[in-house]
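Work through the exercises below with the sequence and the model open. Each task is followed by a worked solution.

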Amino acid sequence: MRLLGNESGVPHERLSITDAPAVEALIAAGRPDVVFNCAAYNEVDRAESASELAHAVNAAAPHNVALACNRHGAALVHFSTNFVFDGRKEEPYVEVDEPSPLSVYGRSKLEGERQVLQSGATALIIRTAAVFGGGVNFPMRILGRARFGERLRIVADQKVNPTYAKDLAAAAVELWESGVTGIVHAAADGCVSWDEFARAVLADFGVSAEVESVATTAFASAARRPANGCLATTRYRLLRPWRQALKEWSEETRRH
Ligand SMILES: NC(=O)c1ccc[n+]([C@@H]2O[C@H](COP(=O)([O-])OP(=O)(O)OC[C@H]3O[C@@H](n4cnc5c(N)ncnc54)[C@H](OP(=O)(O)O)[C@@H]3O)[C@@H](O)[C@H]2O)c1
């Protein structure tokens with residue numbers, strides 16, 4: 001399988017996804033069967049005052065990637081987010097639910113989905129949520145703050161499926177190999193508030209610290225976020241229960 005993805009050898013420093021001719025040249029030269037586009041401008045709060053950049057990276061660039069894929073016979077696997085929804089639904093969101101993003105980030109990602117779908121490329125769009133497992137992520141930030149003895153005030157009125165990056169990557173490959181196209185939700189089984197997620201992280205890493213549960217209104221965040229950020233699926237299956245995946249990741253991380 002010839003594969004092209006951000007992590008497999010095309011770092012940001014070498015190529016900006018917003019550079020359409022460079023993206024086209026890369027795909028033309030690499031002749032991949034599939035491109036996994038994991039690039040995103042995902043600074044949710046900063047995006048509120050950087051709307052142009054968010055749209056360039058999250059909407060215009062995926063469109064160009066999709067057009068290049070289409071021209072050079074590659075499929076595209078593109079990632080999107082639970083933040084395309086407004087969180088007002090009582091139940092977890094499935095693929096046919098109407099998006100209605102609350103933030104610039106969410107709107108830019110939704111526009112990216114639409115551009116990719118309209119490009120004519122063979123494209124799979126995977127919406128996911130609260131990814132952990134590598135890089136800077138919520139668990140790592142919580143652990144860092146706990147170790148520095150910082151107060152942990154974590155929101156209790158926003159829910160997400162904490163999704164292990166390794167499980168998500170396996171799902172993405174499986175879905176692509178099965179020839180699935182269009183929008184699919186892939187997120188862990190189980191949806192919890194961020195404070196509950198934080199307590200589980202601390203417990204699994206054996207770090208003793210108190211988590212203070214607070215309302216979203218306790219923070220003056222620039223961007224609004226969905227209260228119900230829970231994903232479900234009618235086109236695939238939920239991934240491994242988040243609690244099980246978190247345990248495995250914490251054990252692996254603590255070993256290294
Ligand atoms: N993390 C989550 O909780 C979450 C939840 C739902 C959906 N998603 C989606 O999942 C995908 C991956 O997100 P992630 O959390 O894994 O993000 P991440 O770790 O921050 O990765 C995003 C990558 O995009 C790169 N990038 C940013 N601007 C770029 C540009 N102009 N050209 C090329 N590369 C650029 C970044 O490179 P630099 O670091 O060099 O800037 C970084 O490697 C995104 O589509 C995101 O919307 C993530």
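**Exercise 1. A small sheet**

Find how strand 7 pairs with strand 13, and place both in their sheet.

Solution. Strand 7 covers residues 159-160 and pairs with strand 13 in the parallel sense, over two bridges. Strands here are DSSP runs of E of at least two residues and helices are runs of H or I of at least four residues, both numbered from the N terminus. Two strands pair if DSSP finds at least two bridges between them. Next, take one bridge: Val160 has Gly229 of strand 13 as its bridge partner. Finally, the sheet is open, has three strands in the order 11-7-13, and shows mixed pairing. Its edge strands are strand 11 (192-193) and strand 13 (228-229), each of which pairs on one side only.

The model is predicted: local features need pLDDT of at least 70, side-chain atom pairs count only at pLDDT 80 or more, and totals for chains, interfaces and linings use all residues. Residues are numbered from 1 along each chain as its sequence is written.

**Exercise 2. Two helices**

Describe the contact of helix 1 with helix 2.

Solution. Two packed helices are described by the angle between their axes and the distance between the axes. For helix 1 (residues 20-30) and helix 2 (residues 51-71), the axes come within 9 Å and cross at roughly 30 degrees. The axes are lines fitted to C-alpha atoms over the stretch in contact, and angles run from 0 to 180 degrees between N-to-C directions. Now list the residues: Ala20, Val23, Glu24 and Ile27 of helix 1 meet Asn64, Val65, Ala68 and Cys69 of helix 2 (contact: C-beta atoms, placed from the backbone, within 7 Å). These residues divide into six nonpolar, one polar and one charged. In this count Ala, Val, Leu, Ile, Met, Phe, Trp, Tyr, Cys and Pro are nonpolar, Asp, Glu, Lys and Arg are charged, and the others, Gly among them, are polar.

**Exercise 3. Two positive phi values**

Are Arg31 and Ala130 buried or exposed?

Solution. Start with Arg31, in the loop between helix 1 and strand 2. Its phi is near 40 degrees, a positive value in a residue other than glycine. Arg31 is exposed because 11 other C-beta atoms lie within 10 Å. The cut-offs are 20 or more other C-beta atoms within 10 Å for buried, 12 or fewer for exposed, and partly exposed in between, with C-beta atoms placed from the backbone. Ala130 sits in the loop between strand 4 (123-128) and strand 5 (131-132). Its phi is also positive, about 35 degrees. Ala130 counts as buried, with 24 C-beta neighbours inside 10 Å.
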